[in-house]
Amino acid sequence: MKNSKWVAGFAVSLFALQAFAQNVPALDASQSEVLPPLHLMSPDSVQLDAKEAEGVRLATKWKNNPDKPRIGKDGSVTYLFGATLPTLVCSPLKVCTIELQPGEVVTEKVHAGDKARWIISPGTKGGPDGETTLVVVKPTDAGLETNLTIPTDRRVYSIKLVSTQKQWMPFLDFDYPDEMDRLWASYAEKRAKSTYNNTMPSGQNLANLDFGFRISGDSPSWKPVRVYTDGSKTYIQFSSSGFGGEAPALVALGNDGGWFSKPSMKLVNYRVIGDRYVVDKVLDRAALIQGVGGDQTKVTITREGK
C-alpha cells in the first residue's frame, strides 16, 4: 500500500515538472546569461596566490617557533617578546593573569576572538609612580581556543588562549629585547656624559688630576682660574690666552725666607699651550710676576696637602 502511494506521488511530481518545462519559453544564445554558482555554505578552502601563501607560511613559522618560555619572577611563565606566539593556558574557575611591562599602558580595549566565552578584564599593581597593568583572563568552559590582542603605548601583544579542564598558568609575562637595548643605550649615554663632565678641554680626565693648589696674592685680570697636576706636570690655566699686555713670568719659590726676607726665586721653563702654562714638573711653590718695582703684580701658587 505504501509503495503504491509513493509511486503515485512520484508520477504526479514528474508530470508537473514536464508541464512546467513545456510552459517555460526557451532562450536563444543571445539571451543566455551565465550566473555564478550559488554557495549555500562557505567553501572548504580559499585559493591563495603566491604572495598570500608566503605571508601565511611566514606567520605559521613564527607561531610554531619552538622558542620556549622560562620560569620568571614570582613563578610566572616568561616569554621572549616577539620570538614566537605565546600561549596562555587557562582552566574554568581559575584566574590567569598577563603582566605587562611596568609603566606600560593599554591604549584601547583589548580584542579577543571569542568574547562570549572568555572574560577579559583589566587590573593593576603597584603605586602611581610604578604602576603595572594586568590583563585578567578567565574561560567559561574547557576545550576553548582563541587569540587575544592587547594594544599598548609601547607595542602590540598577540597571545593564543587555550582552556583545559585542569591545567593552567597563573601568571604570564615577557622579556623585552628592546628594553635590554634601551638599558645598554642608557648605560652608554651615562658613561659618555660622565666622561664629558670629567674631561678637561685638553682631553685630561678629572679623576686623574690633583687640583690641590691655593692661589693667593694680587688679583689681576689674568689671575689663573685653576692650577692642577697629573703627577708629572703642572698646569696653570688662565681665563684666556691673552694677558692684556706682557705675559707674567713664572718663578719657583724656595722654602727659605722668613719675616724679614723673601724666599729665593728661580725662573721656571714652561710651554704655552692655549690658555695654559705647562711645566714639566710638579711645583710646590711658585709665583707669577708681571712688572717690576712698585708696579709689580704677583700671584702666588702653593700646593696644599704636601
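Student: Where does Leu 93 lie in this model?

Tutor: Keep in mind that we're looking at a predicted model. Follow the chain past strand β3 and stop before β4. Leu 93 lies in the loop between β3 and β4.

Student: Is Leu 93 buried or exposed?

Tutor: A residue counts as exposed when its relative accessible area is over 50%. Leu 93 has a relative accessibility of 85%, so Leu 93 is exposed.

Student: What is the phi of Leu 93?

Tutor: Most residues other than glycine have a negative phi. Leu 93 isn't a glycine, yet its phi is positive, at about 70 degrees.

Student: Which loop holds Asp 74, and what is its phi?

Tutor: Asp 74 sits in the loop between β1 (70-71) and β2. With 64% relative accessibility, Asp 74 counts as exposed. Asp 74 is not a glycine either, and its phi is positive, near 60 degrees.

Student: Let's go inside. Which residues of the largest nonpolar core touch the most other members?

Tutor: That core has 22 residues. Strands β2, β3, β4, β7, β8, β9 and β10 each supply at least two of its residues. The ones touching the most other members are Leu 88, Ile 98, Val 137, Leu 148, Ile 150, Ile 159 and Phe 174.

Student: What is Leu 88 in contact with, leaving aside its neighbours within four places in sequence?

Tutor: With those neighbours set aside, some partners are fellow members from that list of well-connected core residues. Leu 88 is in contact with Cys 96, Ile 98, Val 137, Ile 159, Lys 160, Leu 161, Val 162, Met 169 and Leu 172.

Student: Which residues make the nonpolar surface patch?

Tutor: The patch covers about 460 Å². Helix α3 (residues 177-197) gives the largest share, 3 residues. One of the patch residues, Tyr 187, lies in that helix and is partly exposed, with a relative accessible area of 46%. The patch is made by Leu 80, Met 180, Trp 184 and Tyr 187.

Student: Is Arg 276 buried or exposed?

Tutor: Arg 276 lies in strand β17 (residues 276-279). Buried means under 20% relative accessible area. Arg 276 has 7% relative accessibility, so Arg 276 is buried.

Student: Which side chains does the side chain of Arg 276 join through polar contacts?

Tutor: One polar contact, of 3.1 Å, joins Arg 276 to the side chain of Asp 275. Another, of 2.6 Å, links Arg 276 to the side chain of Tyr 228. That gives Asp 275 and Tyr 228.

Notes. Residues numbered from 1 in each chain as written. Predicted model: local features only at pLDDT ≥ 70, side-chain atom pairs only at ≥ 80, totals over all residues. Heavy atoms only, no water. Patch = residues over 30% accessible without salt bridge, like charges linked within 9 Å, V, L, I, M, F, W, Y side chains within 5 Å. Areas by Shrake-Rupley, 256 points an atom, 1.4 Å probe, with all protein chains shown as cover. Salt bridge = Lys/Arg side-chain N within 4 Å of Asp/Glu carboxyl O. Helix = DSSP H or I, 4+ residues; strand = E, 2+ residues; numbered from the N terminus. Buried < 20%, exposed > 50% of the residue type's maximum accessible area, 1.4 Å probe, protein only. Core = buried A, V, L, I, M, F, W, Y, C linked by side-chain atoms within 4.5 Å. Contact = heavy atoms within 4.5 Å. Polar contact = N/O pair within 3.5 Å; in protein donor to acceptor, adjacent residues only side chain to side chain.
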